[in-house]
Amino acid sequence: MLLTSPISFPNLGITVDPSPVAFTVMGKDIYWYGIIIASGFLLAVLYMLYRAKTFGITQDDVLDLVLWAVPIGVVCARLYYCVFYWELYRDNPISMLYIWEGGLAIYGGVIAGILTLLVFTKKRHLSFLSMADSACLGLITGQMIGRWGNFINCEAFGRYTDCLFAMRIRRSIVNESMISQNLLDHLILDNGIEYIQVHPTFLYESLWNFGLLMFMLWFRKRKTFTGEMLCIYLAGYGIGRAWIEGLRTDSLLIPGTQIAVSQALSVVLATVSLVILIYNRRKAFVQGKEAN
């Protein structure tokens, strides 16, 4: 069977032809990428508002934090991406503003969010760890949804595969900088059209985040110390991202090396978080035995 749609999952018998433009308002195109990312943010905020009292904060605290954290997070997520992909922007720096074309690095947003939260809680005399426990549950929700923006933009995919979930993309709609030699070695010609066939890493990460969210929702009533949800998020997301990043062809690399920035950062964050988790839960266990 000939598959001429821009995107298909041949082993699942699925073909799709998504337009990056959702609709047009007064001659201005509104892109699905922006809508999906904004939807992820909205769901994250709504969850934090809903669970605010559980973590000892008010809804006003959440809204005030969002007013600072969201714009700062978006700017830093974009800067993080552009710094490590500078060759794409040095000839036309103004294109750094075109975020609807894709190119947001989640770790840039996470780092900015943590720093913003540190300053915010210090100024408001609030508990950083309590707010972080709440924020990370909202964050993982937003990440789970936001990854589908990469699907619409045909980015953040992996190397060649012929596994059950293999995704076939028309080469002409993909940024050439994201096409590795591995993909060129496995080009597929279908009805005169060139395709690459890849791991849908956006899907892997979205499903991983969903599983992590479910675990965190189950675990939240069983936590033993303030900040534990943050540690679980950093450890859980870090482990998944370290694995998934190893499949991708468009990883941001540490200058002068072949080491993916996000993979290295994921390993460090996951390791540190696991150490903190083990130490504090062991401490709580010992204290519980002594109390008995």
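**Exercise 1. Which residue in E7 does Arg-168 stand opposite?**

The structure is a predicted model, in which local features need pLDDT of at least 70, side-chain atom pairs count only at pLDDT 80 or more, and totals for chains, interfaces and linings use all residues. Residues are numbered from 1 along each chain as its sequence is written, and side-chain values use heavy atoms, with hydrogens and water left out.

Step 1. Identify the strands, which are DSSP runs (E, at least two residues) numbered from the N terminus, as are helices (H or I, at least four residues). Strand E5 covers residues 167-170 and strand E7 covers residues 193-198.

Step 2. Establish the pairing, which requires that DSSP finds at least two bridges between two strands. E5 and E7 run antiparallel and are joined by 4 bridges.

Step 3. Read off the partner: Arg-168 stands opposite Gln-197 in E7.

**Exercise 2. Describe how strand E6 is placed relative to E7.**

Step 1. Strand E6 (residues 188-190) pairs with E7 in the antiparallel sense over 3 bridges. Ile-188 stands opposite Tyr-195 in E7.

Step 2. Examine the connection: E6 and E7 form a hairpin with 2 residues between them. In the turn, Asn-191 has a positive phi of about 60 degrees.

**Exercise 3. Characterise the aromatic pair of Trp-148 and Phe-202.**

Step 1. Apply the criterion: rings of Phe, Tyr and Trp (its six-membered ring) pair if their centres lie within 6.5 Å; planes under 30 degrees apart count as stacked, over 60 as edge-to-face and the rest as tilted. The whole structure contains 12 aromatic pairs.

Step 2. Classify the pair: Trp-148 and Phe-202 are 4.9 Å apart centre to centre, with 80 degrees between the planes, and the pair is edge-to-face.

Step 3. Locate the partners. Trp-148 lies in helix H5 (residues 148-152) and Phe-202 in helix H7 (residues 201-219), so the pair ties together parts that are 54 residues apart in sequence.

Step 4. Compare accessibility (buried: under 20% relative accessible area; exposed: over 50%; partly exposed: in between; 1.4 Å probe, protein chains only). Trp-148, at 35%, is partly exposed, whereas Phe-202, at 2%, is buried.

Step 5. Place the pair in its surroundings: ring pairs link Phe-9, Trp-148, Phe-151 and Phe-202 into a cluster.
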